[in-house]
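Please consider the structure shown below together with its sequence. The paragraphs that follow proceed from the overall fold to the interior and then to individual contacts.

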Amino acid sequence: MTWSIIVRDPARNLFGIAVATRFFAVGALVPHASPVGAVATQALVNPTYGPRGLRLLAEGVAPEMAVATLVGLDSGRETRQLHLMDRDGRSARWTGRDCIDWCGHRAAPDVSLAGNMLAGPEVLDATLETWLARADLPLVPRLLAAMRSGEAVGGDKRGKQSAAILVQGAEPFPRLSIRVDDHAEPLDELERLYRVAKERFLPFSAAFPKSERDPGLFDRARIEAMVAEAAGEVEL
């Protein structure tokens with residue numbers, strides 16, 4: 001199941017992951033991120049790859065070695081698909097030989113893609129082409145545009161059900177995590193949720209504490225004024 005894209009925005013120190021599939025609640029298990037990197041674990045999913053992969057990246061393990069370590073310890077490795085990226089934009093991938101066709105992966109600077117059970121290689125090719133071509137867009141709209149291009153050429157060959165976007169910055173929590181667990185048009189619903197997030201959540205989140213030593217903003221009047229001024233205008 002699934003195709004996903006991991007990207008890094010070095011100018012804003014952000015990671016982004018977008019994923020879509022014909023399976024329930026893909027956002028619950030596939031995308032993982034922290035300030036040190038991002039991981040997508042899919043096919044016959046091994047959810048432990050996410051937290052373990054991030055720990056390896058936090059320890060400074062190179063992406064290729066992190067992937068080799070994860071799959072090397074897994075007797076089900078040939079049914080798994082995995083890709084990850086570190087804080088420098090270096091990435092590595094694994095597609096086991098028993099993943100269901102079409103399956104494979106792609107990469108370019110600061111971007112990694114992987115997919116299985118797809119209509120064909122054109123799904124990843126179209127997703128990557130649009131990502132590279134739409135540098136004029138903010139991160140989340142650019143991810144959505146890329147995923148829509150992959151869907152337009154077939155996407156998951158079984159159809160559509162769920163999708164998710166995860167954006168991670170330097171903070172110990174996501175900048176944005178939106179999921180569509182079960183929907184006839186998950187990318188449409190994901191785009192709607194992003195519009196809703198822009199109305200209040202994204203401007204409100206500027207008040208959050210960013211670390212243990214940062215209390216953030218907790219004056220409610222100032223927060224409400226900030227939200228009113230920026231509502232609908234903040235982009236990720």
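The radius of gyration is taken here over C-alpha atoms, and the globule rule sets its expected value at 2.2 Å times the number of residues to the power 0.38. For the 236 residues of this protein chain, a compact globule would have a radius of gyration near 18 Å; the chain has 18 Å, and the two therefore agree. The model is a predicted one. Along its principal axes, the C-alpha trace spans about 55 × 40 × 30 Å.

The protein chain comprises 6 helices and 10 strands. Of its 236 residues, 51% count as buried. Among contacts with a separation of 6 or more, 54% are accounted for by residues 24 or more positions apart.

The interior may be considered next. The largest nonpolar core contains 31 residues, and Ile5, Ile165 and Leu176 are those with the most contacts inside it. Two or more residues are given to this core by each of the elements β1 (3-9), β2 (14-21), β8 (111-115), α3 (122-133), α4, β9 (162-168), β10 (174-180) and α5. Helix α4 gives the most, with 6 residues. Ile5 illustrates the packing: leaving aside neighbours within four places in sequence, its contacts include Gly16, Ile17 and Ala18, as well as Val111, Ser112 and Leu113. Trp131, Leu143 and Met147 are also among the residues in contact with Ile5. A second, separate core has 13 residues, including Leu54, Ala66, Leu70 and Val71.

Two of the helices that contribute to the largest core also pack against each other. Two packed helices are described by the angle between their axes and the distance between the axes. The axes of α4 (residues 139-152) and α5 (residues 186-205) come within 11 Å and cross at roughly 170°. Angles over 145 degrees count as roughly antiparallel, and α4 and α5 are therefore roughly antiparallel to each other. On the α4 side, the contact is made by Val140, Pro141, Leu144, Met147, Arg148 and Glu151; α5 contributes Leu187, Asp188, Leu190, Glu191 and Tyr194. By class, this contact has 7 nonpolar, no polar and 4 charged residues.

A final point concerns a charged residue in a loop. Where is Glu171 placed? Glu171 lies in the loop between β9 and β10. Because its relative accessibility is 8%, Glu171 counts as buried, the cut-off being under 20%. Residues up to four places away in sequence not being counted, Glu171 touches Pro35 and Lys210.

Note on methods. Residues are numbered from 1 along each chain as its sequence is written. This is a predicted model: local features need pLDDT of at least 70, side-chain atom pairs count only at pLDDT 80 or more; totals for chains, interfaces and linings use all residues. Side-chain values use heavy atoms; hydrogens and water are left out. Axes are lines fitted to C-alpha atoms, for helices over the stretch in contact, and angles run from 0 to 180 degrees between N-to-C directions. Helices (H or I, at least four residues) and strands (E, at least two) are DSSP runs, numbered from the N terminus. Angles under 35 degrees count as roughly parallel, over 145 as roughly antiparallel, 65 to 115 as roughly perpendicular and the rest as oblique. Contact means heavy atoms within 4.5 Å. A nonpolar core is a set of buried Ala, Val, Leu, Ile, Met, Phe, Trp, Tyr and Cys residues joined through side-chain atoms within 4.5 Å. Buried means under 20% relative accessible area, exposed over 50%, partly exposed in between (1.4 Å probe, protein chains only).
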